[in-house]
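Visitor: I am new to this structure and would like a close look at a single part of it. Please take one set of paired strands and follow it through, then say how the rest is put together.

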Amino acid sequence: MALQLLLRLTFLGLSITSSLVHGEGFQGPEAEGSESIQIPNNGSAPLLVDVKVFVSNVFNVDILRYTVSSMLLLKLSWLDTRLAWNNSAQPQHAVTLPWDSLWTPRLTILEALWVDWRDQSPQARVDQDGHVKLNLALTTETNCDFELLHFPRDQSNCSLSFYALSNTVMELEFQAHAVNEIVSVKREYVVYDLKTQVPPQQVVPCFKVTLSLKNTALKSIIALLVPAEALLLADVCGGLLPLWAIERIAYKVTLLLSYLVFHSSLVEALPSSSSCNPLLIYFFTILLLLLFLSTVETVLLAGLLAKGSLGAKSSPSPALRGEHREHGNSGPHPEEPPRGVKGSQRSWPETADRIFFLVYVAGVLCCQFIFAGIWMWAACKSDPAPGEAAPHGRRPRS
């Protein structure tokens with residue numbers, strides 16, 4: 001009798017023309033006759049499906065699009081007593097049946113943008129006592145709410161929520177386990193932890209796989225932090241040039257224009273968010289303001305110094321006139337730095353420039369230490385999503 005049941009299920013599976021959906025869920029048979037395959041009855045308790053999730057690869061972590069791609073293998077097992085047979089009548093210990101010839105859970109990944117089920121016609125293995133084992137391999141791209149406050153040393157948790165939308169929690173229950181099988185660490189983001197859980201108070205059965213990602217930060221440090229700090233150091237060194245030197249203005253303006261080009265490309269490289277934006281965005285904006293302030297100070301004080309020098313030349317003192325007559329026939333003199341008074345005493349624009357340089361250096365150092373402190377102690381909690389009040393598959397909050 002049991003053997004006849006197995007043969008009938010096999011012929012039924014071969015006659016059903018069903019499709020494996022390349023979208024968010026692994027769907028069961030939809031053709032005519034598939035409605036007769038009901039979920040196994042486990043009495044008053046829901047059917048327990050054991051799920052082992054093997055994560056073999058995580059790639060294409062895109063913080064600008066807030067997406068991550070991963071490769072998974074799901075090993076599902078459950079008990080269907082309808083498929084058991086007597087070992088004395090049939091000595092075979094196990095048989096292999098098409099997945100669409102018996103009941104299988106229809107899984108949907110809530111966060112998925114797309115899902116590629118690698119085997120479009122998986123085979124289920126059925127033991128003589130009715131235990132069913134089904135392996136599903138898939139590649140998927142899912143949304144992930146990255147926590148990028150401390151980018152590029154950020155750590156984020158990305159969830160993959162598997163729902164069985166065609167069943168209720170009274171009919172079906174998942175027991176999930178996760179195994180990290182990633183062997184390659186040559187990537188920007190690495191998986192340092194892997195967890196599974198069955199969320200409570202759900203309307204439909206589900207289990208969640210959480211990938212904990214950590215940024216290795218080497219690429220971002222070389223591409224972002226090193227050029228920014230080098231430009232800031234070059235600007236500080238530019239303050240050592242004398243104020244009357246024409247090269248100083250050209251030097252400062254060149255640095256400012258270079259940083260503006262760097263900042264424009266930086267805005268495209270750094271991610272943005274409605275809350276908890278990366279601290280580096282504010283840091284690079286402060287650096288831009290410091291470079292702008294330093295350039296404006298150089299231009300203003302150099303202009304005042306040049307104006308004072310022109311005024312002194314247009315109305316020289318009597319002593320300077322006599323000295324000029326005595327040396328009127330001498331050869332050309334090398335260019336001398338303009339001074340407001342005789343001797344080595346600085347003019348007031350040069351004195352102001354020296355004071356500004358010292359204050360500027362102290363301000364730059366303070367900004368570095370303050371930012372380091374904020375980086376270590378700052379914390380930010382993202383704003384709750386609009387759907388948090390009634391998440392998918394969960395009872396609405398009162």
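Guide: Start with one pair of residues in this predicted model: Thr96 has Arg125, in strand S7, as its bridge partner. Thr96 falls within strand S4, which covers residues 94-98, and S4 pairs with S7 (residues 123-127) in the antiparallel sense over 5 bridges. Arg125 also stands opposite Lys133, a residue of strand S8. S8 takes in residues 131-143, and its pairing with S7 is antiparallel too, over 3 bridges. Between S7 and S8 there are 3 residues, and the two strands form a hairpin. In the turn of that hairpin, Gly130 has a positive phi of about 95°.

Next, the core. The largest nonpolar core holds 75 residues, and those touching the most other members are Val49, Phe162, Phe207, Leu213, Tyr259 and Phe284. Helix H4, residues 279-314, gives the most to this core, with 8 residues. Val49 can be followed further: leaving aside neighbours within four places in sequence, Val49 is in contact with Leu76, Ser77, Trp78, Trp103, Leu172, Glu173, Phe174 and Gln175.

Tyr259, another of the core residues named above, is also among the buried residues of helix H3. The others buried in H3 are Arg248, Lys252, Leu255, Leu256, Phe262, His263 and Leu266. An α-helix has 3.6 residues a turn, so residues three or four places apart point the same way. H3 runs over residues 246-269, which is 24 residues. At 1.5 Å a residue H3 should span 34 Å, and the C-alpha atoms at its ends are 36 Å apart, which agrees.

Conventions:
Residues are numbered from 1 along each chain as its sequence is written. This is a predicted model: local features need pLDDT of at least 70, side-chain atom pairs count only at pLDDT 80 or more; totals for chains, interfaces and linings use all residues. Side-chain values use heavy atoms; hydrogens and water are left out. A nonpolar core is a set of buried Ala, Val, Leu, Ile, Met, Phe, Trp, Tyr and Cys residues joined through side-chain atoms within 4.5 Å. Buried means under 20% relative accessible area, exposed over 50%, partly exposed in between (1.4 Å probe, protein chains only). Helices (H or I, at least four residues) and strands (E, at least two) are DSSP runs, numbered from the N terminus. Contact means heavy atoms within 4.5 Å. The expected span of a helix is 1.5 Å times one less than its number of residues. Two strands pair if DSSP finds at least two bridges between them.
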